[in-house]
Amino acid sequence: MKHLLLTGKPGVGKTTLIQKIVDLLVSTGRTTQGFYTQEVRVNGSRTGFDVIFLDGSSPCPLARSVDNTSISQQQQRLPKVGKYLVQVTDFERHAVPALMVTSDKECFVIVDEIGKMELFSSRFKQAVVKLFDKSNVTVVGTIPGGGRSNVPTFVKSVKEQSGVSVVEITRENRNSVFPQLSAFLGL
């Protein structure tokens, strides 16, 4: 197995584990690139999600919540997941290039998340497929948990890629699974 995908319910700690893995990769001198997502909160309420880049460049919006009574015509054209409008154009302009590996050097590419919002971008899906085809790349990412009927077809196909190990993160194992994950990655 070469690639590692974390799955589990929302809020269980997948992104926190991804951040710990990134910290370990960086501290051991490994080449990393990619991104993770982070909640945007205003006055304690979640108002959206931003993409945070490992190279330190400015975050870009992935999605923002909207009041259905005040949606502009332009916003009406944006895809929606729950109460969030997905900012596909910004995501493609900024996040997809972060997944482009141009070196032949060994590289760990972080993709948090391969989920419903990100999958509105066909360019994102193409970039993810290319990552799994590169012999010098190890993908470390997150995918949504849930029953089989809730999992997008693209996510199912990613899970079936050669060399992919999927680890379910739960409230019970989230504080003890990190050594297993780092050992899997050879860290």
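How much space lies in the largest pocket? About 830 Å³. Keep in mind as you click around that this is a predicted model.

**Stop 1: the pocket**

Start by selecting Pro10, Gly11, Arg46, Phe49 and Glu113. Of the 31 residues lining the largest pocket, these five sit closest to its centre. Now colour the secondary structure elements that contribute to the wall. Helix α1 (14-27) and strands β2 (32-42), β3 (45-53) and β8 (137-144) each put at least two residues into the lining. Which of them gives the most? That would be α1, with four residues. If you colour the lining by residue type, you should get eight nonpolar, 14 polar and nine charged residues.

**Stop 2: the sheet**

Switch to a cartoon view and find the sheet. Nine strands make up an open sheet with mixed pairing, and the order to follow across it is β5-β6-β4-β3-β2-β7-β8-β1-β9. At the edges you'll find β5 (80-81) and β9 (164-168), each of which pairs on one side only.

Next, zoom in on β2 and its neighbour β7 (residues 107-112). These two run parallel and are joined by five bridges. To see one of the bridges, pick Gly34, whose partner in β7 is Ile110.

Slide over to β3 and β4. Here the strands run antiparallel, with four bridges between them. Select Gly48 and look across to Arg64 in β4, which stands opposite. Then follow the chain through the hairpin of β3 and β4: six residues lie between the strands, and Gly56 takes a positive phi near 85 degrees.

One more step brings you to β4 and β6 (residues 84-86), an antiparallel pair joined by three bridges. Ser65 is a good marker here, since its opposite number in β6 is Tyr84.

**Stop 3: the salt bridges**

Show side chains now. Side chains of opposite charge can pair when their charged atoms come close. How many salt bridges does the structure hold? There are four.

Go back to Arg46, which you selected among the residues closest to the pocket centre. Arg46 forms a salt bridge with Glu39, and the closest N and O atoms are 2.9 Å apart. Are these two buried or exposed? Neither, quite: Arg46 counts as partly exposed because its relative accessibility is 32%, and Glu39 is partly exposed too, at 34%.

Now pick Asp50 and Arg64. Their closest N and O atoms are 2.5 Å apart in another salt bridge. This pair links distant parts of the chain, with Asp50 in strand β3 and Arg64 in strand β4 (residues 60-65), 14 residues apart. Try a surface view on the two partners. Asp50 counts as buried because its relative accessibility is 17%, under the 20% cut-off. Arg64, at 26%, counts as partly exposed. You've already met Arg64 in the sheet, standing opposite Gly48.

For the last pair, select helix α3 (residues 88-94). Asp90 and Arg93 both lie in this helix, three residues apart, or about one turn. They form a salt bridge with the closest N and O atoms 3.2 Å apart. Asp90 is partly exposed, at a relative accessible area of 23%.

Before you close the viewer, select Glu39, Arg41 and Arg46 together. Salt bridges that share partners join these three residues into one network.

Terms used:
Residues numbered from 1 in each chain as written. Predicted model: local features only at pLDDT ≥ 70, side-chain atom pairs only at ≥ 80, totals over all residues. Heavy atoms only, no water. 1 Å grid on protein atoms, 1.4 Å probe; cavity = no way out; pocket = protein on both sides within 12 Å on 5 of 7 lines; lining within 4 Å. Points joined across faces, edges and corners; volume = space filled by probe spheres on them. Nonpolar A, V, L, I, M, F, W, Y, C, P; charged D, E, K, R; others polar. Salt bridge = Lys/Arg side-chain N within 4 Å of Asp/Glu carboxyl O. Buried < 20%, exposed > 50% of the residue type's maximum accessible area, 1.4 Å probe, protein only. Pairing = 2+ DSSP bridges.
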